[in-house]
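Welcome, and please open the structure in your viewer. We will take a walk through it together, one selection at a time.

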Amino acid sequence: MDNIYVNYLLTALILTFAIPGAGVVIEQFVKLLYSVTAAFFGDSFTYFIFNRLTFIGVFHHELSHALLATVTGAKVTKIVFFHPDGDRLGYVEYVTRGNIIMRSIQQALASIAPVFCGALTSAGIYYYLTVYGAALAVWQTVLLWYVFISIILHMTMSRQDFKGLYRGIPVVYLIVFAIVYICKFTLF
């Protein structure tokens, strides 16, 4: 019987940390790609390519934060694109609202938004390219691949994102655990 509860705990743990974990992996990949590119082309050119040329990814990143903050009930007070400061290009400011559970959900989901929304958008673009790619003009295909790459390069989480995630994740984990427990209890 104890094994079942360990299974519930582990399932909830995996579900809770899968998206932030993917964000960490993507960020490490982007950092590696950045350093390799910088070794060949220099830091200024690489910064331009990764952060200015892929501006659509920056917009997507910040709008993802704003979207999930708003959808979960937070009030977005400011969205800034391209304000390079430390490890961030832009930022979204929001005020959490509601009880501790709602504020925790808002913080956690707004924090993982670029990874979650980026995965959905890039999967949609990739699907569209594989299904309808043969019917597209060359410029449309190039444009879609550009948007796809731009979004993936910005599916990362900043230090501020991780701070918000850490504030919200304990409550979110308990909610996911309860959902896993209820689903497994009622289905099996």
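Start with the whole protein chain, coloured by secondary structure: read along the sequence, it follows the pattern α-α-α-β-β-α-α-α. That makes six helices and two strands. Keep in mind as you look around that this is a predicted model.

**The overall view**

Turn the protein chain about its principal axes, and you will find that the C-alpha trace spans about 55 × 40 × 30 Å. Colouring by burial is a good next step: of the 188 residues in the protein chain, 37% are buried. If you show contacts between residues at least 6 apart in sequence, 66% of them join residues at least 24 apart.

**First stop: α4 beside α5**

Select helix α4, residues 100-132, together with helix α5, residues 138-153. Two packed helices are described by the angle between their axes and the distance between those axes. For α4 and α5 the angle is about 160°, and the axes are 9 Å apart. Angles over 145 degrees count as roughly antiparallel, so α4 and α5 are roughly antiparallel to each other. Their crossing is left-handed.

Now show side chains where α4 and α5 touch. On the α4 side, pick Gly 118, Thr 121, Ser 122, Ile 125, Tyr 126, Tyr 128 and Leu 129. On the α5 side, pick Thr 141, Leu 144, Trp 145, Val 147, Phe 148, Ile 151 and Ile 152. Coloured by class, the residues of this contact are ten nonpolar, four polar and no charged.

**Second stop: α3 and its two partners**

Keep α4 on screen and add helix α3, residues 55-71. How do the axes of α3 and α4 cross, and within what distance do they come? They cross at roughly 120° and come within 7 Å, and α3 and α4 are therefore oblique to each other. The crossing here is right-handed.

To see the contact, select His 60, His 61, Ser 64, His 65, Leu 67, Leu 68 and Ala 69 of α3. Their counterparts in α4 include Leu 109, Ala 110, Ser 111, Pro 114, Phe 116 and Thr 121. By class, the contact of α3 with α4 has nine nonpolar, seven polar and no charged residues.

Next, hide α4 and bring α5 back beside α3. The axes of α3 and α5 come within 7 Å and cross at roughly 55°, so this pair is oblique. The crossing is right-handed. Look for Phe 55, Ile 56, Gly 57 and His 60 in α3, which meet Tyr 146, Val 147, Ser 150 and Ile 151 in α5. This contact has five nonpolar, three polar and no charged residues.

**Third stop: the largest nonpolar core**

In soluble globular proteins, nonpolar side chains tend to be buried together. In this model the largest nonpolar core has 26 residues, and Ile 125, Met 157 and Leu 165 touch the most other members. The elements giving two or more residues to this core are α1, α4, α5 and α6. Its largest share, seven residues, comes from α6.

Centre the view on Met 157, in the loop between α5 and α6. Is Met 157 buried or exposed? Its relative accessibility is 2%, so Met 157 counts as buried. Around Met 157, beyond residues up to four places away in sequence, you can pick out Pro 20, Glu 27, Ser 111, Ile 112, Val 115, Phe 162 and Leu 165 as contacts. For a distance to draw, join the C-alpha atoms of Met 157 and Ala 22: they are 135 residues apart along the chain and separated by 9.9 Å.

Follow one of those contacts to Leu 165. Leaving aside neighbours within four places in sequence, Leu 165 is in contact with Pro 20, Gln 107, Ala 108, Ser 111, Ile 112 and Met 157.

**Last stop: α1 and α6**

Another contact of Met 157 is Glu 27, found in helix α1, residues 2-41. Glu 27 is buried, with a relative accessible area of 17%. Beyond its sequence neighbours up to four places away, Glu 27 touches Thr 156, Met 157 and Phe 162.

Finish at Val 176 in helix α6, residues 159-187. Val 176 is buried, with a relative accessible area of 17%. Not counting residues up to four places away in sequence, Val 176 touches Ala 12, Leu 15 and Thr 16. For a parting look across the model, draw a line from Val 176 to His 83: 93 residues apart in sequence, they are 35 Å apart in space, C-alpha to C-alpha.

Technical notes:
Residues are numbered from 1 along each chain as its sequence is written. This is a predicted model: local features need pLDDT of at least 70, side-chain atom pairs count only at pLDDT 80 or more; totals for chains, interfaces and linings use all residues. Side-chain values use heavy atoms; hydrogens and water are left out. Axes are lines fitted to C-alpha atoms, for helices over the stretch in contact, and angles run from 0 to 180 degrees between N-to-C directions. Helices (H or I, at least four residues) and strands (E, at least two) are DSSP runs, numbered from the N terminus. Angles under 35 degrees count as roughly parallel, over 145 as roughly antiparallel, 65 to 115 as roughly perpendicular and the rest as oblique. A crossing is left-handed if the near helix is turned anticlockwise from the far one by less than a right angle, and right-handed if clockwise. Contact means heavy atoms within 4.5 Å. Ala, Val, Leu, Ile, Met, Phe, Trp, Tyr, Cys and Pro count as nonpolar, Asp, Glu, Lys and Arg as charged, and the others, Gly among them, as polar. Buried means under 20% relative accessible area, exposed over 50%, partly exposed in between (1.4 Å probe, protein chains only). A nonpolar core is a set of buried Ala, Val, Leu, Ile, Met, Phe, Trp, Tyr and Cys residues joined through side-chain atoms within 4.5 Å.
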